[in-house]
There are 2 protein chains.
Amino acid sequence: MGEKARGHMVIIGGAEDKSGDCAILREFIKLAGGRDSRLTVLSTASEDPRSGEVYRSLFVELGAAEVSVLAVRHRAEANQQQYVSVSRESSGIFFTGGDQLRITGVLGGSKLSRALLESYHGGAVIAGTSAGASAMSETMLVGGSDDATPNKEIIRMAPGLGFLKEVVVDQHFAQRGRIGRLLAVMAHNPYILGVGIDEDTAISVSPDEIFKVIGSGTVTVLDGKGVSHSNVSESGMNNPLALTDVRLHILPRGYGYHLGQRQVLMHINKEDPR
Amino acid sequence: MGEKARGHMVIIGGAEDKSGDCAILREFIKLAGGRDSRLTVLSTASEDPRSGEVYRSLFVELGAAEVSVLAVRHRAEANQQQYVSVSRESSGIFFTGGDQLRITGVLGGSKLSRALLESYHGGAVIAGTSAGASAMSETMLVGGSDDATPNKEIIRMAPGLGFLKEVVVDQHFAQRGRIGRLLAVMAHNPYILGVGIDEDTAISVSPDEIFKVIGSGTVTVLDGKGVSHSNVSESGMNNPLALTDVRLHILPRGYGYHLGQRQVLMHINKEDPR
C-alpha cells in the first residue's frame, strides 16, 4: 500500500451479485459516500460498450448521486483533460471486468492513470471486478491455465496499475481452480502475498492496510514469507514447480487480514468498513 | 501407517501414463519384485469389465511374471476362499479406478479385504489409481464438488480400506481443481494430512512412512497441525468455511515427505524405492 493513500479499495473476484442484496456493490457505494457519491465507471477492460452502462444503472438504483461512464478505448483518450477532470471529481472509481491487458495497455502511464492514483491517495475509493481486480496490483497476473499443475508455463505476468503493493490478486478463484497459477506466481518471488478471490466475494481494503472479506465465497491468502524452498530457478518452463512451507488461510465474510503484519483478524465488524 | 506393515504402497492420482515410459506402473512392478512379481488387479471399482484387462496386458508387457484379474462384483464373492488365496500369493495388488464406494461397499469387512491387509503387512505392494487411490485411507473422500468454495456441503466422506492412516488422499487434484474439497475435509479435523495427487503422478510410500513423488505432476500436501482456527462447528452446510494457518507444500518428482514427522525431504533418490 502506498504510504500516502487515504482511500479504500474494493477488489472483487468477479460475478458479484447484481440482483439480490448487492452487498459488494453497496459496500463500494457506501465507502464512496453513499447518497453523496460521485462515481466513475471505467469500462476500458471490456470490448462491450454496454458493460459500463450495466454498472451505471445499478449504481444509480443503489443510491449513488452521480455516475459517469468513461469508455476509454485508446491511449490518446486516456490523456484527455476532460477525462482527467471527471476522475478528479469522483469519490469512487469502478473498473469493470474484461481483459486486464486492455486496462494497462490503454491507461498505463497516462494522465488519467496518474489522476486515478492521486484520487486514491486523496481519499477516493478504487474498485475493480475480475480483470479490474487483477489490474490493481503492482505486478498482475494477465493469464494462465485453470485447473493446472503449477509450472512456469501456466502463467503470464505484467506490470499492473500499482494501487496494491506486494500483493498479487487472482479472481474467479475457486470457480476456475486457480490456486496452481497463484502458487506459480509465488514460486517466482515468495515475498509476494497471493490473494485469491472467489466469485461474488471481495476484499474491502482500508487505508490502514487491513482488508475485510465481504460477499458469499472465500478469499484464499497464500503467504510465502516462510517458504523454505522453491525450485523456480532451476526448473524448466514445463517442469512442475516445488514450493514448500506456504502458509494458507481460507477466509469467509466476517474475517479480515492485516496486509502489513500478515495476520488473520477474526470476527471483524461486518458493518464497519474497516 | 500400520505398525506392522512391511509393504510399500503406490497411490496414483489417476490417468497415469500407459503408452510412454510408464514410470509409475513400472515403479509398482519393481517394488512387487519385477520379473518375479505375481500381481493381482482388483477391478471392483469399475463397472467396465475391460478395465482389469487393460492393466493385465500392460503389466505383462512391462515384465510381471504373473497377473490375475479379480473382477469381484458382490460381497459374496469377496468371501470366496479362492480369491483370498490369490490375494495371499500376490506380491502386488492393484486397485483400478471407478467408484471408491464400490470398492468399500463390496470389499469392506470381507475375507478378501482382511487378506489384502495381511498381505500388505507381510510385504506385498498395494497400489491404487483414482478411486483406488482414494480408498486407501482410513477415512476417504467419496465425492465432492470440483472448482468449489470450501464448505461442508461440497464433500462426502466414508470409511476407507485403512491402509494409510491419518491421511486423506484426493486424486485428479490440479486437473479438477480439488483443493477446496480437500481443505473442507481438513476443516473437519485439522489432524488429518491432506494429500492431493495430480494426474500421472503418484506417491510411493515405504514402510518407514516416507513417500517419494513420481510421475509428471505434483503432489500437494496440506498439513493442518498448526491450524489456529476453523469455523466448521458453527457454520451451516452451505456457509463458506474459515481455516487459518494451513501449511502447504507443492512437491514434484525428486521430492519426498516423511508422513510421521510431517517433513519435506529434498532431492530424494529418484531411483531408490525409498
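In this predicted model, A:Q100 is a buried residue, its relative accessible area being 7%. The residue belongs to helix α4 of chain A, which covers residues 100-107. Its side chain is engaged in a polar contact with the side chain of A:S134, at 3.4 Å. Leaving aside residues up to four places away in sequence, A:Q100 touches A:A131, A:S134, A:A135, A:M140, A:L141, A:V142 and A:Q171, so that A:S134 appears both among the residues touched and as the polar partner.

Two cysteines can be set beside this glutamine, since each of the three residues has a relative accessibility under the 20% that defines buried.

| Residue | Relative accessibility | Class |
|---|---|---|
| A:Q100 | 7% | buried |
| A:C22 | 4% | buried |
| B:C22 | 3% | buried |

As for cysteine pairing, the count over all chains comes to zero disulfides, a pair being counted where the two sulfur atoms lie within 2.5 Å.

A further buried group is found in helix α3 of chain A, residues 81-88, where the buried residues are A:Y83, A:V84 and A:S87. Viewed down the axis of α3(A), these residues fall within an arc of 100°, and therefore they line one face of the helix. In general, an α-helix has 3.6 residues a turn, so residues three or four places apart point the same way. Which elements cover the buried residues of α3(A)? The cover includes β3 (66-70), β4 (92-95) and α5 (111-122), which belong to chain A.

Conventions:
Residues are numbered from 1 along each chain as its sequence is written. Chains are lettered from A and ligands numbered from 1 in the order in which they are written. This is a predicted model: local features need pLDDT of at least 70, side-chain atom pairs count only at pLDDT 80 or more; totals for chains, interfaces and linings use all residues. Side-chain values use heavy atoms; hydrogens and water are left out. Buried means under 20% relative accessible area, exposed over 50%, partly exposed in between (1.4 Å probe, protein chains only). Helices (H or I, at least four residues) and strands (E, at least two) are DSSP runs, numbered from the N terminus. The arc is that of the directions from the helix axis to the C-beta atoms. Contact means heavy atoms within 4.5 Å. A polar contact is a pair of N or O atoms within 3.5 Å; within protein, one must be able to donate a hydrogen and the other to accept it, and residues adjacent in sequence count only if both atoms are side-chain atoms.
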